[in-house]
Structure formats: C-alpha cells, structure tokens
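Trainee: I have the model open and I'd like to learn how to read it. Can you walk me through it, one feature at a time?

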Amino acid sequence: MPHAFAPLAELFWRFGIVGLIGLGTWLVLRCGRVMLGNAAFAAIAAAATAPLVARGTPDAVAALAGVLVAAICGAVFGLAAARATSAAFALASLSLWAVELSVRAPSGPELRSHGSPAFVVAAAILAAIGAWRYALSRHGHIAAAVGQDERAAQAVGIDPVRARITAVTLGALLAGVAGSLSVFYPGFDITAYRLHGDIAGLAAVVLGGVGSSLGPLAGAALVAIAAVSPFTKEHAAAVNAIGLLAATIVLPGGIASIFSRAARR
Amino acid sequence: MIEVREASVSFGGVKALDKVSLSCRRGEIVGVVGPSGSGKSTLFDALSGRHRLSSGSIAVGDASIAGLAPHVIARRGLARTFQEDSLFGRMTVFENALAGTYLRDGAAALSSAAAHAALESLGLSERANEYVWELTPGERRRVALARALASNAPALAFDEPLRSLDESELELVRPLLRRIASEPGGRAIVISDRDVAACAGLCDSVLVLHAGKAIAYGTFDAVVRDVDVRDAYLGVEWRQ
C-alpha cells in the first residue's frame, strides 16, 4: 500500500476492529450486563488464528477457526457468569483481562501480513446490520426485555440466564471476528488488546450510544480517528477515557440519541 | 386451576405469610385483600416462584410448582402483573404487549394479532406505537394487564390491577376481568387490592390477609360481615 494511504488504511482497520468489539459489548449491555473484557475474545481469536496463518493454513480457514474458538470461550464464560448480578458480572468480566495479558501470538512482521482493511470494515458493517436485524427479531426482543426488567421478563416466560449466555456468546463471536481479521493487519500485535481494546470498545459503545446497533459503529469511528489523528495519536487511550467520561455525564444516550431525538421531533 | 394450601413464607425469623390457603378455578375471580404489609405481594411472589415456600404447597393446573423458576411457572400457564408496573421501559406499548405472547407457541403474525387484541380490549390501540414512559399511570397499568392477557395463560395473578385507574378506566377494566374469567374455557384470576370494596361485584370469593395470616375467606358478603375483618381491617366506617 502506498505510504500516503497508510494512515487511512490504519483508520479503517481500527474502525472495523473497535466497531466489532464494541458491537459485542453492546449486545451484552442490551441484556442488562456490563462486559468489561470483550477484547479478550478478540485476543483469543487472534491467538488461535495467527499460528495457523504462520503455518500456511488458508486464511479463511484460520480466521474461521479463530472465531469459533472465541465463540466457544464466550459460551463458557457466559455459562459461568450469566447467573451473576449486574455488579458481580462486571467484576467477573474483569477476569478476562488476565486472558488478554497471557495470550501470545506471532506478530505482524513474522506473519508478513498483507490484509486489506476492506474485509474488517465490511465485517463491522455487516455485523451492525446483523445486530440491527437481531434487535428487531424475537430473540433480540427477548434480550432487550431481560435488560430492561428481568422480573417482568421472567413473568412472560423468558429465561434470563439463557438470554444472557446467548448475548455473551454472540458478543464473543463478534469480538472473535475482529481478532481473527486483525491478524491480517500489517501492524498486528496481540498486546494491543491488553486493556486498550476494552477501553476502546467501551468508549465506542458509550460515545456512539446504546440505543441502536449503529451507535457502537459511530463511536468506533470517533475512537479510530482519535487513534490515528496526529493530534491525539500519542494519547489515544486518555482521549478514549475522557470521551467515555464526558459522554456518560453529558450525553448518556450517545451520539445516536441526538439523531433519534431529532427523528422523533 | 390455582390451589394454595397452607402456604407459608419466612424471611429469617419473620413469617411474611402464615398458612394461607385459597382455591381459584377456571371462571372464577378470587380477591386477596389487605393493607400494605399484609402479605398480598408475598403471596403473589410465592405463586409466581419469586419466593420459596417454607411450608405448604401451590399448584397451577394439576401440577405442583414447588421449586420451579418464575419463567418455568409462567410457561406452565400462570401470567402475572406486579404492584409496580414493571413494564419494559424503552419499548413501545405494542412491544410490551407482544412480549406477553412469548408464552404462546405460534407464528409471529398470530403473536402480533394477540398483542393487538389485548391492547384493543384495554382501550390502548391508539397508543400502541407510543413509548410507555409517555403514558399516564392508569394507562401503564393497563399495558401491564394487556401484556398478561396477550399470553392467553389460563391462570392470571394481578397484583393491585385497579390501582391508579380513574373512573372511566375502572368501567373498562372491571367488566373485562369478569368477561375474561367467564368466557368459554374460562380463566382463573386472582387479584389483590388494598380496598375490600374493589371486590364488590367482581370477585367470587375474597381472602382477607392481616399480618401474613388469613383472617377471612369466603364470598364478599360473608367477608364484610366477618367480625375479625371488621376489627382488623374495615374499621369504624364499616361498623356504621
């Protein structure tokens, strides 16, 4: 890729990866639980995909294997934590940081990665459309009911534990797509998922807004710009944290709430 | 349909419900009456599996529901409302009613039709696309009822369904409850209220609770004539 387009390519890579991790976090949040470690599933997928790529496994097969491993790990975490209260679930999700710290994988130069950001951007947009369709479906309605009033949800026959396990598994699957595709990013380094990925994913959801699946993508665009812009690049994590704090206080519904309010007028 | 036998619920050393019994068959409405703290909501929570019984038994249909999770009891055919509205706050009126149909097995179109029918029966059709936070307290209460009715569950437990309703809403809801109970196939309905007068002309039998204990159980006329009820609950006005 010509050097002049490198920042643009990096912007798209980051947008796609953060968008997918954010969408996964959004799915769990919709179900009434705060997931603080969704980037761990991206790290797991990357750690499963990278060695396969390094051994010459076809890219698509390696990526699918990574996604599958992440989804299985998500289901296991979901089974373990789905019965926990809101606070306990958030604390339990912190345990995933240990995963982020311990996974290892060959990095970009060793892999001689040559992927195009088009794949990860397309995956993020497809995932947002899929999440939007899911939100409108019966299963999505069930997840929202659990998130909004668990007691009332049970009264209409909804099993909140099952709904949460599904949400965590789907969230891990989306993060797994991000992790698997990130292996093909020329600057791939699995240590980037250590905490930064979680903060970026959370910032994307809070900045973009939890009301719609487009919120995490809108937030991911801002997070990606902050990570690539020469003005904020050096302090991207701090910018994300400030953005997260500011959005929580000033704009709790995120950017998406501005549009939904305008639409209702 | 709903059989409560000698049901007790304890929280630590406190008996919130003490050997309470009631029976509600299809086509009947049973009223549970008592002031705040008398055990009405504890009884409803025990019925729907939110509180475990320390002794006694509860059956819905022919089967005991002891130890079952609330969502399993709902699937066994008991739909309930809560003292607070407990609506899905970021959903529309229609979406709230649609959630009630999750107890049914059927196509999406049938679920949608059932939700619309429930809203229409409670005079909420025109507000179907509004969010529940935009409604009056009485309308919110009616949405909670619509959600339960949309389920088509044969057993219904409504915790203070008449609270917050104005006169015109009461004129709509009271006959509706009576009609639902007595329509072909009939449903068993247990309602609670703080005011025994709410049961007049509505309930086939009335259970009066006081400090977790049943102090009277019978027809409305028999209950309001009961000396214990008058002393403990109805007060001087009823003596006169």
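Mentor: Sure, starting with contacts: two residues are in contact if their C-beta atoms, placed from the backbone, lie within 7 Å. Keep in mind that this is a predicted model, where local features need pLDDT of at least 70 and side-chain atom pairs count only at pLDDT 80 or more, while totals for chains, interfaces and linings use all residues. Residues are numbered from 1 along each chain as its sequence is written, and chains are lettered from A and ligands numbered from 1 in the order in which they are written.

Trainee: How many residues does each chain bring to the contact?

Mentor: Chain A gives 14 residues and chain B gives 20 residues. Helices (H or I, at least four residues) and strands (E, at least two) are DSSP runs, numbered from the N terminus. On the chain A side, helix 8 (138-148) and helix 9 (150-155) are the elements giving two or more residues, and helix 8 of chain A has the largest share, with five residues.

Trainee: And which classes of residue are on that side of chain A?

Mentor: For the classes, Ala, Val, Leu, Ile, Met, Phe, Trp, Tyr, Cys and Pro count as nonpolar, Asp, Glu, Lys and Arg as charged, and the others, Gly among them, as polar. The side of chain A that touches chain B has seven nonpolar, four polar and three charged residues.

Trainee: Now chain B itself: which domains does the assignment give?

Mentor: Domain bounds come from an automatic or database domain assignment. For chain B, that gives domain 1 (2-77 + 154-239) and domain 2 (87-152). Their C-alpha centres lie 24 Å apart, and 14 residues of domain 1 of chain B are in contact with eleven residues of domain 2 of chain B. On the domain 1 side, helix 6 of chain B gives the largest share, five residues. By class, that side has nine nonpolar, one polar and four charged residues.

Trainee: Why does the radius of gyration of chain B agree with a compact globule?

Mentor: The radius of gyration is taken over C-alpha atoms, and the globule rule is 2.2 Å times the number of residues to the power 0.38. With 240 residues, the rule puts a compact globule near 18 Å, and chain B has 17 Å, so the two agree. The C-alpha atoms of chain B fill a box of roughly 50 × 40 × 35 Å along the principal axes.

Trainee: How much of chain B is buried?

Mentor: A residue is buried if 20 or more other C-beta atoms lie within 10 Å of its own, exposed if 12 or fewer, and partly exposed in between, with C-beta atoms placed from the backbone. Buried residues make up 48% of the 240 residues in chain B.

Trainee: What about strand 8 of chain B: is it covered on one face or both?

Mentor: In a regular strand the side chains alternate between the two faces of the sheet. For strand 8 (residues 188-193) of chain B, six of its six residues are buried. Both faces are covered, with B:A188, B:V190 and B:S192 on one side and B:I189, B:I191 and B:D193 on the other.

Trainee: Which strands join strand 8 of chain B?

Mentor: Two strands pair if DSSP finds at least two bridges between them. Strand 3 (residues 29-33) of chain B runs parallel to strand 8 of chain B, with five bridges, and B:I29 stands opposite B:I189. Strand 7 of chain B also pairs with strand 8 of chain B in the parallel sense, over four bridges; there, B:A157 stands opposite B:V190.
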